[in-house]
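Here are a few friendly notes to read alongside the structure. Please keep the view open as you go through the points.

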Amino acid sequence: MASERYNPRESEPRWQAFWDKNRCFEATAEADKPKYYVLEMFPYPSGRIHMGHVRNYTMGDVIARFRRASGYNVLHPMGWDAFGMPAENAAIERGVHPASWTYDNIATMRGQLKSMGLSLDWSREVATCDPSYYRHEQAMFIDFMNAGLVERKVSQVNWDPVDHTVLANEQVIDGRGWRSGAVVEKRELAQWFLKITAFSDDLLKALDGLDRWPEKVRLMQKNWIGRSEGMRFTFELEDAHGKKLDDGLTVFTTRHDTIFGASFCAISADHPLARHLAEHDEDLQAFRREVAALGTSEETIEKAEKKGYPLGLYARHPFHKDVKLPVYAANFVLMGYGEGAIFGCPAHDQRDLDFARKYHLPVIPVVAPRGADPKTFTIGNEAYVEKDGEDTVLINSGFLDGLSVPEAKEKVAHRFEVEGIGTRKVNHRLRDWGVSRQRYWGCPIPVVHCEACGVVPVKKEDLPVKLPEDVKFDKPGNPLDHHPSWKHTSCPACGKPARRETDTFDTFIDSSWYFARFCSPQAAEPVTAEAARYWMPVDQYIGGVEHAILHLLYSRFFMRAMHKTGHIHLDEPFASLFTQGMVVHETFRTEAGDWVLPAEAVQKDGQWFHARTHEPLLVGGIEKMSKSKKNVVDPETIIAAYGADTARWFMLSDTPPERDIEWTEAGVEGAWRFTQKLWRLVTDVADLPRSAAVAAADGLELRRTAHRAIAAITDDLTNLRFNRAIAQLYALSNAVGAALASKEKSAALCAALREATEFLVLGFAPMMPHLAEEAWALLGHGTAVVNTPWPTPLAELVARDDVTIAVQVNGKRRDEITVAKGLKQAELEPLVLALEGVKRSLEGKAIAKIIVVPDRIVNIVCKG
RNA sequence: GCGGGCGUGGCGGAACGGUAGACGCAACGGACUUAAAAUCCGUUUUCCGAAAGGAAGUGAGGGUUCGAGUCCCUCCGCCUGCACCA
C-alpha cells in the first residue's frame, strides 16, 4: 500500500520528549542487576557540537542502548569540561564574562546533544566550573598535600613577556608566543606539582592488566613513562692543574658496560656546575644563552649540530686512574633527565660519536661482534649500538674482555657498588605534573601564603574557594592577581593577614575524576563509597586517541591518589577503552587559495564551482574537519535536514569505528534512503494479516535468516563492530523485502515476516532509536522499544543442518556441494568425486590424497 | 633516528589459515512515469569466451602449508606516536 514518508522532524522531538518524561535513562543502583557504565569523553563547551562529537556520542549511545536492552543496569552520563582558556579569550576579545560565555555554550550544546536522541542520564550532569564540583577537587588537593603527593618547587617555564603569562610548550611557536608573537623567555617560577612519579612503576606495571585497552595506547603510555634501568655513579673531578675538586661529577648511564670506551664527560648547560662556572666565564654565559635560544623549537633542535664548551675540568676514569676525561657543557644533554650529566662513549652512541668527531676526541670500540678482531675493529661514521644477545662481546675493556653486554653490566655494577662510587638506579622519563596556571578561568588552588606560617592549606570547612565574579581582563596577566581584594585573606593557622594563592589548576585535573563524580553527582564528598563500589570502573570508555597519553595517564594517577587518600577503592578507572577515528572531509579552495565550505561548493560535470561566485574550485586533500580549512559540516544542519537517526546511521556505517570516516553527501543520502526503505517495509508488514503459525515451512528460511542476523548483530555490537552489525541489518532488510515481494503469502510466511521485521526494528533500535519507536508502535505494540528486551535468537534456528562445502583440486576451487552437516570423510568422498567440476579437472590425473576439513572444505591433491 | 599500524574492485570496506570481494556507495542497463525525483529489477575485479567454462588476482619478491589477504623473511609505499632520554 502507498504509505506516507517517514518524517523525522515530527517524530524525533516527540520520542525525545517521551523518553524524557518517562525518565527512561535515569540510572539507579540496583544490586540484583549487572551494571554497565558506558562513558564518552565529555566535551569542552566550545559553542556548538561538531561531527567528531556526533560520532563519539553515537557510538556510546549504541552501546548504552544495546546493553540496556540486554538486561544491564546502564549508567550513561554527560557533563562539561568547562574550565579553560577559550572562555578567557572570549572575555578579552568580546568582553563577555567567562562564566556566562561558558554557560551559554553549555545550554546550546545540551540542546544539540538532546536533538541527537542520546540515552543520557541528564539528572547527573556536571560542569567542572561549578563550585559544587570543584570544591571536591580542592578538598582532594588538600588530602593529597597531607599524603605527600603535592610539591611546590621552582621550575622553568615559558614566559610570554607581553601577555604576562606562562605558556605551555604547544603554545610556543618558533620561539614566540602563539598569541602575542613575542619572543618567549625562560623563567623560573615556584609552581605546584602533583607527584605522579611516585606511581611511575605502578602506572607502568598495571598497563599489563589493561587487556581491553588498545595495544597502541598502552605502548604510548609505556614510552611516555619511559623506564630505564642503569647506574648512577660519580667521577672524581680535577682542574687543569690537576687539583682535585671537593665535589665529583655524578652521571647516569644505561651503558655502564661501555665505561672503558669513555672519552669525555658532558653536562647540561643548565647543570648547577655550568651555572657556577659561568659566573666568571663570559664565553660560557654566551654558550648557555645559545643553548637556551635553541631550546624552544623542535625542528631546530632536531637539526642542531652537537656543540660543546670545554669547562677546563677533567674527570678521572674510575678504573683507569691515569686516564683523564675532558668535561664539556653540551647542547644535547638535558637537565631534566637523569643527572643532567653523562659520560660519552663515542663508539657506541651516535650523539657521542658526532660530538667526538667534531672535537677530535678518541673513539675506542669496546663492544664488537663476536669473532671480530679487537685490533682491527674500528668505528666509522656510525656508532655500533648492538647490545643484545650472544653475538656481541666486550673488547679493549680490561677485566670485562670477552663478556657479553649483560654480563659486563652486572660486573661493572657490582664493582661500582663495592667501591662505593655508584648505585643501580631506575630512571623514568615521566616528570611530575605541573598543575599551576596563571589564569582566571580555572579551579583556585586552595592554599594561603602566610609570612609567618609559610604555605597553609585552606580549612576544609571554608571550601570552596570560589572564583570572584567581578574580574577585569583589561591588562595582561592573571586577573586573580590584579583583583583588588580577592587575594587578601587571613592565615588559616595564625589568623594574621595573608595572601591567597592566585594560580589555578591545570584543567586536566578537572577531567581526571569526573567519571567518579558521575557515580554520585550530588554527594557531599567527591564520590560515595557505595556508589563507587557499584558503578566503578567505567566498563566502556570511548574517545579520541589524542587523549591517549595525558588525560588517560592523569586519570590513572588520580585514581591512585584518591585510593591512597581513601576517596575510592580502586586504581584503574577504565576497564575497557576504545579510541575512535576522526571525521574527515574533502577540502575546497579557490584559485586564490581561500578555503571554501563544502556547503558552498557545487559539482557540475565532474568539476567543482563556488555556489555564489561560480569560480572554479580546487579539490584538496581529505583531512580532519577543522575550522581553519573550512571543511566542516554542521551537525545541526544535517539533523535538521535528515534527522538524527540518519546522521547516526551514517556515522556507524561502512567504516570501522577505529578508522577515520569520510563524511560525504552521497553517504548521508544513502542513509536517508535506507531509513525511508525501512519505514516502507514496516508499514507493509504492519498491514499483513496476523497469524500465530510461526513454525511452518513456508516461512522457515526467513525465520532462520532473522534469527541468524540477530545472533550476528549481538556478537558485532558486543565487540563494537558497528559497521558489520549494520551490514547484517541491510542483509536482513533485503530478506524481508524479498519475502514481501512474493505474491502468495501463507499465514506462516506472514508470521515469519512479522517476526523478522520485529527483529529488524529491535536490531536497528540502538542506532536509529526514534525510527525504531515509531515502527514499533506501527507494528501494534503498546510498549516502547526502550522497555523491550533485546531479542533472543533460537539456537535451533541459528544452527545449520546442512552446509555448503567448497571442493578444491590442488588448492583451486572447482565445485561446491551442499550436504548434511557433520558428514565424515568416508561419506563425503564418493559424493565429492562424483561432482562434474571435480571429474573435469581430475581427468587423467592420479589422486594422491584427499584432505577433508569437516563442514568446511575438501581438497583433492593429485599428480600428473 | 626509534617504536606501532596499515596496503584487498571506481570508492568505503567483508573474509576462525579453508569458496577473496559480504554489505553499502557510485556507475551502467531496464521497468514504472507525459517528464523528473522516488521506487523496483538486473549488471559491475581483470583477461579469454556467444555461453558453458577457463586463466590471473589482496603493494613487490621469496618461504612454510594439502591450502596464505591472513603465518615467517626481505623490500617498497602510506599513516601515526615519541624524539638529543644517556
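1. A charge counts as sitting over a ring if NZ of Lys or CZ of Arg is within 6 Å of the ring centre and within 35 degrees of the ring normal. In this predicted model, the charged end of Lys324 meets that rule over the ring of Tyr314, 5.5 Å from its centre. Arg415 lies over the face of Phe399, at 4.3 Å from the ring centre.

2. Aromatic rings also pair with one another, and the count comes to 47 aromatic pairs. One of them joins Phe508 and Tyr554 edge-to-face, with 5.4 Å from centre to centre and 65 degrees between the planes. Phe508 belongs to helix H14 (residues 507-510) and Tyr554 to helix H17 (residues 550-564), so this pair ties together parts that are 46 residues apart in sequence.

3. Are these two rings buried or exposed? Phe508 counts as partly exposed, at 25% relative accessibility, while Tyr554 is buried, with a relative accessible area of 13%. Both belong to one aromatic cluster that also includes Phe144, Phe199, Trp433, Phe557 and Phe558.

4. Now to RNA strand B: 44 residues surround it, and the closest are Thr254, Tyr337, Arg351, Arg724 and Arg856. Of the strand's atoms that come within 4 Å of the protein, sugar and phosphate account for 58%. Helix H22 (residues 722-741) gives the largest share of the surface near RNA strand B, 5 residues. By class, that surface has 18 nonpolar, 10 polar and 16 charged residues.

5. Which side chains come up to base oxygens of RNA strand B? Among them are Lys306, with an N or O atom at 2.7 Å, Arg813, with a polar atom at 2.8 Å, and Asn859, with an N or O atom at 2.7 Å.

Technical notes: Residues are numbered from 1 along each chain as its sequence is written. Chains are lettered from A and ligands numbered from 1 in the order in which they are written. This is a predicted model: local features need pLDDT of at least 70, side-chain atom pairs count only at pLDDT 80 or more; totals for chains, interfaces and linings use all residues. Side-chain values use heavy atoms; hydrogens and water are left out. Rings of Phe, Tyr and Trp (its six-membered ring) pair if their centres lie within 6.5 Å; planes under 30 degrees apart count as stacked, over 60 as edge-to-face and the rest as tilted. Helices (H or I, at least four residues) and strands (E, at least two) are DSSP runs, numbered from the N terminus. Buried means under 20% relative accessible area, exposed over 50%, partly exposed in between (1.4 Å probe, protein chains only). A residue is near a molecule or strand if one of its heavy atoms lies within 4 Å of it. A polar contact is a pair of N or O atoms within 3.5 Å; within protein, one must be able to donate a hydrogen and the other to accept it, and residues adjacent in sequence count only if both atoms are side-chain atoms. Ala, Val, Leu, Ile, Met, Phe, Trp, Tyr, Cys and Pro count as nonpolar, Asp, Glu, Lys and Arg as charged, and the others, Gly among them, as polar.
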